[in-house]
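Welcome, and please have your viewer ready. We will go from stop to stop, with something to select at each one.

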Amino acid sequence: MSQLSIRLALPDDEEELARLDRAEWSPLHEVLPEQRPPYRPFFDERHLPGDCLVAEADRHILGYVRLGFPTGLDANAHVRQIQGFVVSAQARGRGVGRALVRAITEEARRRGARRLTLRVLGHNTPARRLYESEGFAVEGVLPEEFLLAGEYVDDVLMGRRL
């Protein structure tokens, strides 16, 4: 893999990001069913290009992470939430995910956030280990919140101060 770079997404990235999202769909990290045509857009009114960081090398997107607000309330406008995080299978284990988590943490801090939170499925051990190694702690668990592929799965709430 040549030099990895992290940048804000551009509107022109939509098709490649949508393909990546569909290619990496898995009940390990996704609660929505696998997408079928017609596909929903990657960017929408809640998820704008400027709220997404992409990791790329050789002009190919290897992963992304989305930043959003957990609610629309002014009372927690100081909190940002990771609302999507995917690394392509061929790029896993090469530091791409860690680079994206570090970059989104800095981006949240740059935007004035005091806290960064996320939700991760309880059985997604690789993601949980990554988040913990980057300073996130479990702040709550919703037991058996989702029924995925015939199994009940916990929804784990994690967060960190910035």
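Start with the enclosed space: the structure holds one cavity of 30 Å³ or more. A cavity here is a set of points, on a 1 Å grid over the protein atoms alone, where a 1.4 Å probe fits but cannot get out. Its volume, about 90 Å³, is the space filled by probe spheres set on the points, with grid points joined across faces, edges and corners. Select D21, R22, W25, H29, E30, L32, P33, E34, Q35, R40 and V86 to see the lining; lining residues have an atom within 4 Å of a point. That lining divides into four nonpolar, two polar and five charged residues. In this count Ala, Val, Leu, Ile, Met, Phe, Trp, Tyr, Cys and Pro are nonpolar, Asp, Glu, Lys and Arg are charged, and the others, Gly among them, are polar.

A word on what you are looking at: this is a predicted model, in which local features need pLDDT of at least 70 and side-chain atom pairs count only at pLDDT 80 or more, while totals for chains, interfaces and linings use all residues. Residues are numbered from 1 along each chain as its sequence is written, and side-chain values use heavy atoms, with hydrogens and water left out.

**The largest pocket**

Next, select H29, E30, Q83, G84 and F85, which lie nearest the centre of the largest pocket among its 44 lining residues. A pocket is an open set of grid points with protein on both sides within 12 Å along at least five of seven lines. About 1,400 Å³ of space lies in this one. Now colour by element: α1 (14-23), β3, β4, α2, β5 and α3 each supply at least two lining residues. Helices (H or I, at least four residues) and strands (E, at least two) are DSSP runs, numbered from the N terminus. Which element gives the largest share of the lining? That is β4, with seven residues. By class, the pocket lining has 21 nonpolar, eleven polar and twelve charged residues.

**The largest nonpolar core**

Now select I82, F85, L100, Y131 and F136, the residues with the most contacts inside the largest nonpolar core, which has 25 residues. Such a core is a set of buried Ala, Val, Leu, Ile, Met, Phe, Trp, Tyr and Cys residues joined through side-chain atoms within 4.5 Å. Two or more residues come from each of β2 (52-57), β3 (60-68), β4, α2, β5 (115-121), α3 (125-133) and β7 (151-161). Of these, α2 gives the most, with five residues. A second, separate core of eleven residues includes A9, L17, C52 and V54.

Centre on I82, in strand β4. At 8% relative accessibility I82 counts as buried, since buried means under 20% relative accessible area, exposed over 50% and partly exposed in between (1.4 Å probe, protein chains only). Show the residues around I82: V65, R66, I104, L116, T117, L118 and F136 are in contact with it, not counting residues up to four places away in sequence. Contact means heavy atoms within 4.5 Å.

**Aromatic pairs**

The structure holds four aromatic pairs. Rings of Phe, Tyr and Trp (its six-membered ring) pair if their centres lie within 6.5 Å; planes under 30 degrees apart count as stacked, over 60 as edge-to-face and the rest as tilted. Select F85 and Y131: the ring centres are 6.0 Å apart and the planes at 45 degrees, so the pair is tilted. F85 lies in strand β4 and Y131 in helix α3, so the pair ties together parts that are 46 residues apart in sequence. Add F136, which forms an edge-to-face pair with Y131, 5.8 Å centre to centre and with 65 degrees between the planes. Y131 and F136 are both buried. Then move to F42, F43 and Y64, which ring pairs link into a cluster.

**Backbone stops**

Most residues other than glycine have a negative phi, and most peptide bonds are trans. Select P37 and P38, which are joined by a cis peptide bond with omega of about -5 degrees. P38 sits in the loop between α1 and β2.

Go on to D58, in the loop between β2 and β3, where phi is positive, near 55 degrees. D58 is exposed, at 54% relative accessibility. Finish at E144, in strand β6 (residues 137-148), where phi is also positive, near 50 degrees. E144 counts as exposed at 52% relative accessibility.
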